[in-house]
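Visitor: I like to see the reasoning behind each label. Could you walk me through this one?

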Amino acid sequence: ASDGELPLPDIADDVFGARVREAAESTRRVLLAVALSGGVTSLELAGAVDPLAMEDAVAGGLVVVERGHVRPAHPMLAAAARKQASAAERQALHRELASAATDRISKARHLAIATTSPDADLASFVATAADLAASHGRVWEAVTLGQQALRLTPPGHAADADRVLALAQYHQAAGDLKRLTELLRARLTELPPGRLRAHACLLLTVGSDVDVEAAEGLVSQ
């Protein structure tokens, strides 16, 4: 599913998909914006969609406002909105949500998702946001942003190795040793010998069946 969200089962599409299709275009856009955001505030949403359409979406039971934040009235409504929107529509809305975002972490996420090609400046911005998320204990957001930062880093860029290691550390903080192992096994020999590879090997011994002696051999390869 788009953006790592829930897919829409066919049986649910009969009910929730039909409800979204019947809504006005401006109201569907509000629902899509909320579906793409996760915890968006009323103020931020008003900066990306028509405030009157937002009122209609609330009145129509598509979204709910709770303590200043807006969420879909049902997860399957959000899934239906994402399914019915084109990739171009989702990307354009992510860019508008990024402009309206007051949180650096949310802004980085929206910008990253809206960008399909490597971009060194954006990768740096997203990597900084990932580190900020990790420092605030928002480990799963750190993982997501770390993955995006690595994806957006141009091939051969000097920051690539650091971002591989940063993502591995986010996986460790999230307790996802499987993905930590998969990442480092795939990228270990690309890391320059020395401090970064040594650190990567130590992380790898925590998350896999690679023993310390084998890891030490990889450091100098």
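Guide: Gladly, and let us start at the pocket. By class, the lining of the largest pocket has seven nonpolar, 10 polar and six charged residues. Please keep in mind that this is a predicted model.

Visitor: Which residues lie nearest the centre of the largest pocket?

Guide: Ser37, Gly38, Ser106, Arg109 and Glu141 do, out of 23 lining residues. The space in the largest pocket comes to about 390 Å³.

Visitor: What makes Gly38 polar here, and Arg109 charged?

Guide: The classes are set by residue type: Arg is listed with Asp, Glu and Lys as charged, while Gly is placed among the polar residues.

Visitor: Which helix gives the most to the lining of the largest pocket?

Guide: Helix H9 does, with six residues. Both H7 (104–114) and H9 (139–152) supply at least two residues each.

Visitor: Let us stay on H9, where Trp140 has its place. Why is Trp140 called buried or exposed?

Guide: The relative accessible area of Trp140 is 52%. Exposed means over 50%, so Trp140 is exposed.

Visitor: What does Trp140 contact, leaving aside its neighbours within four places in sequence?

Guide: Trp140 is in contact with Ala174 and Asp176. As for Ala130, 10 residues from Trp140 in sequence, the C-alpha to C-alpha separation is 9.6 Å.

Visitor: And Val49, in the loop between helix H3 (42–46) and H4: why does Val49 count as buried?

Guide: Val49 has a relative accessibility of 7%. The cut-off for buried is under 20%, so Val49 counts as buried.

Visitor: Which residues does Val49 touch, not counting those up to four places away in sequence?

Guide: Val49 touches Arg29, Val30 and Ala33. Its C-alpha atom is also 8.9 Å from that of Leu97, and these two residues are 48 apart along the chain.

Visitor: Val30 brings us to helix H2. How do you know that H2 and H4 are roughly perpendicular?

Guide: Helices H2 (residues 25–37) and H4 (residues 51–59) pack at about 80°, with 8 Å between their axes. Angles of 65 to 115 degrees count as roughly perpendicular, and therefore H2 and H4 earn that description. On the H2 side the contact is made by Ser26, Thr27 and Val30, and on the H4 side by Ala53, Met54, Asp56 and Ala57. Sorted by class, that contact has four nonpolar, two polar and one charged residues.

Visitor: Why are H2 and H5 also described as roughly perpendicular?

Guide: H2 and helix H5 (residues 75–84) pack at about 105°, with their axes 9 Å apart. The range is again 65 to 115 degrees, so H2 and H5 are roughly perpendicular. H2 brings Arg28, Leu31, Leu32, Ala35 and Leu36 to the contact, and H5 brings Leu77, Ala78, Ala81, Arg82 and Gln84. These residues divide into seven nonpolar, one polar and two charged.

Visitor: Stepping back, how many helices and strands are there in the protein chain?

Guide: The chain has 13 helices and two strands. Of its 221 residues, 43% count as buried. Among contacts between residues at least 6 apart in sequence, 62% join residues at least 24 apart.

Notes:
Residues numbered from 1 in each chain as written. Predicted model: local features only at pLDDT ≥ 70, side-chain atom pairs only at ≥ 80, totals over all residues. Heavy atoms only, no water. Axes fitted to C-alpha atoms, helices over the stretch in contact; angles between N-to-C directions. Helix = DSSP H or I, 4+ residues; strand = E, 2+ residues; numbered from the N terminus. Parallel < 35°, antiparallel > 145°, perpendicular 65-115°, else oblique. Contact = heavy atoms within 4.5 Å. Buried < 20%, exposed > 50% of the residue type's maximum accessible area, 1.4 Å probe, protein only. 1 Å grid on protein atoms, 1.4 Å probe; cavity = no way out; pocket = protein on both sides within 12 Å on 5 of 7 lines; lining within 4 Å. Points joined across faces, edges and corners; volume = space filled by probe spheres on them.
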